[in-house]
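Good morning, and thank you for coming. I would like to take you through one structure today, beginning with a pairing of strands and working outwards from there.

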Amino acid sequence: MRIYKIIIATALATGLSACFSQGEKTQESPKVSTKKEVKVDFNADSAYSYIAKQCEFGPRILESKAHDNCVEYMTSELRRHGADIVEVQKCNVIDWEKKTRKAENIIAHFNPSAKKRVILFSHWDSRPWADQDGNEATRRKPIDGANDGASGVGVILEIARQYKQTDFKVGLDIVFFDAEDLGEPTFITGGRGNNDSWCLGSQYWARNYKADSIAKPRFGILLDMVGDADAKFHVDVTSGRFASIAVNKIWSTARNIGYGDIFEMRESGQLIDDHVQVCQYADIPTVDIIDFTAYRGFPETWHTHQDVIGNISKTTLKAVGETIMTVMAKE
Ligand SMILES: [Zn+2]
């Protein structure tokens, strides 16, 4: 609780907001090991089709038909891929206008009796505004969120599809968070303040998390914006501070299987994203794999109407999917 407040205070002091920040430095750069790895293949075509399907529903805005359709789609895909348990966690969240909104987190467990577990996260909602778009006339319209939302879900659904076909020893938990991207729009705030209006689904999940009959995961991996052609994955402050062992595993593996040009062991900055909630309240050390660098921020399509399926790169999806599956195979 205390550390969370310090992070928020730091973010406020530097004018940062959820999904929106510029460069503070981590204190130490974790070291990257180099050795031969046997990489686990990942089907980027399949992941791409999961992303396209989400976009076909339209923007996944809370309490919309597209939102309902996407819940049905994600839960049926997780069941089809052999999840032992699939749950929809319904919750009420309070948005930036102090309105109560209905949100739904999607939760799945594979091999629930395994004691050694990893957990994968992504947000699945799409932003109701294009507040970073160059065209002022369409800034109040929702975005497709092909990269920002659908890409993380697509990669994780493909890992779920391959989970039972691959001889993983490690148990797998999945949570798709709702209401990550509901934060106060910049045409209201000018880009400042109200950090608590982001990550509402993960706030609820993390504050109510209990390990109970399913063992607590050793570490978590959050995927956010993992499909841009020019993606760079650097290490943000929270990942470095709370999950440095997992950071080492992921970035070392990526480098050893040929993706060191995308996963660069460099400091990015302070982010408020779903992993902050998970680290603080669920006490699961969680890494954010997010396309964000200190020198250019988020990708150009971020919170614009250019965040569409046509701008998703299968090369980047493959790099992310293979890295995670290779890490999982070693657990
Ligand atoms: Zn976003």
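Let us begin with β5 and β8, which pair in the parallel sense over five bridges. Two residue pairs illustrate this register: Ile 221 has Val 287 of β8 as its bridge partner, and Leu 223 stands opposite Ile 289 in β8. Before going further, I should say that this is a predicted model.

On its other pairing, β5 is joined by five bridges to strand β3, residues 117-123, and these two strands also run parallel. There, Phe 121 has Leu 222 of β5 as its bridge partner.

These strands belong to an open sheet of six, in the order β1-β2-β4-β3-β5-β8, with mixed pairing. The edges are formed by β1, residues 85-94, and by β8, each of which pairs on one side only. Direction ignored, neighbouring strands of this sheet are turned by 20° against each other on average.

How many of the six residues of β5 are buried? The answer is six of six, across residues 219-224. In a regular strand the side chains alternate between the two faces of the sheet. In β5, one side carries Phe 219, Ile 221 and Leu 223, the other carries Gly 220, Leu 222 and Asp 224, and all of these are buried, so that both faces are covered.

Let me turn to the helices that lie over the sheet. Helix α4 lies across β2, β3, β4 and β5, and runs at about 150° to β3. Helix α6 lies across β1, β2, β3 and β4, at about 115° to β1.

Next, the nonpolar core. Which residues touch the most other members of the largest nonpolar core? They are Ile 156, Ile 221 and Ile 289, out of 85 residues in that core. The element that gives the most to this core is helix α4, residues 146-163, with nine residues. Ile 289 deserves a closer look: leaving aside residues up to four places away in sequence, it touches Ile 221, Leu 222, Leu 223, Val 226, Phe 233 and Val 320. Three of the residues just named, Ile 221, Leu 222 and Leu 223, are among the buried residues of β5.

I move now to helix α9. Eight of the nine residues in this helix, which spans 274-282, are buried, and therefore α9 is largely enclosed by the rest of the structure. Among the buried residues are Asp 274, His 275, Gln 277 and Gln 280, together with Val 276, Val 278, Cys 279 and Ala 282. Just after the helix, Asp 283 takes a positive phi of about 60°.

Two further residues call for comment on their backbone. Cys 199 has a positive phi of about 55°, although it is not a glycine. Its place is in the loop between α5, residues 186-189, and α6, residues 200-207. Is Cys 199 buried or exposed? It counts as buried, because it has 28 C-beta neighbours inside 10 Å, where the cut-off for burial is 20 or more.

His 303 likewise is not a glycine and has a positive phi of about 55°. This residue is found in the loop between β8, residues 286-290, and α10, residues 314-329. His 303 counts as buried because it has 22 C-beta neighbours inside 10 Å.

The loop between β8 and α10 is also the place of Thr 293. With 20 C-beta neighbours inside 10 Å, Thr 293 counts as buried. Not counting residues up to four places away in sequence, Thr 293 touches Lys 232, His 234 and Ser 268. The separation between Thr 293 and Lys 232 is 61 residues in sequence, yet 7.0 Å in space, C-alpha to C-alpha.

I shall finish with the protein as a whole. Its secondary structure comes to 10 helices and eight strands, and buried residues make up 53% of its 331 residues. Among contacts between residues at least 6 apart in sequence, 82% join residues at least 24 apart.

As to confidence, the average pLDDT is 89, and 88% of the residues score at least 70. Where does pLDDT stay under 50? It does so over residues 1-30, for which the model has 59 contacts beyond four places in sequence.

Technical notes: Residues numbered from 1 in each chain as written. Predicted model: local features only at pLDDT ≥ 70, side-chain atom pairs only at ≥ 80, totals over all residues. Buried ≥ 20, exposed ≤ 12 C-beta atoms within 10 Å, placed from the backbone. Helix = DSSP H or I, 4+ residues; strand = E, 2+ residues; numbered from the N terminus. Contact = placed C-beta atoms within 7 Å. Pairing = 2+ DSSP bridges. pLDDT = per-residue confidence, 0-100. Core = buried A, V, L, I, M, F, W, Y, C linked by C-beta atoms within 7 Å. Axes fitted to C-alpha atoms, helices over the stretch in contact; angles between N-to-C directions.
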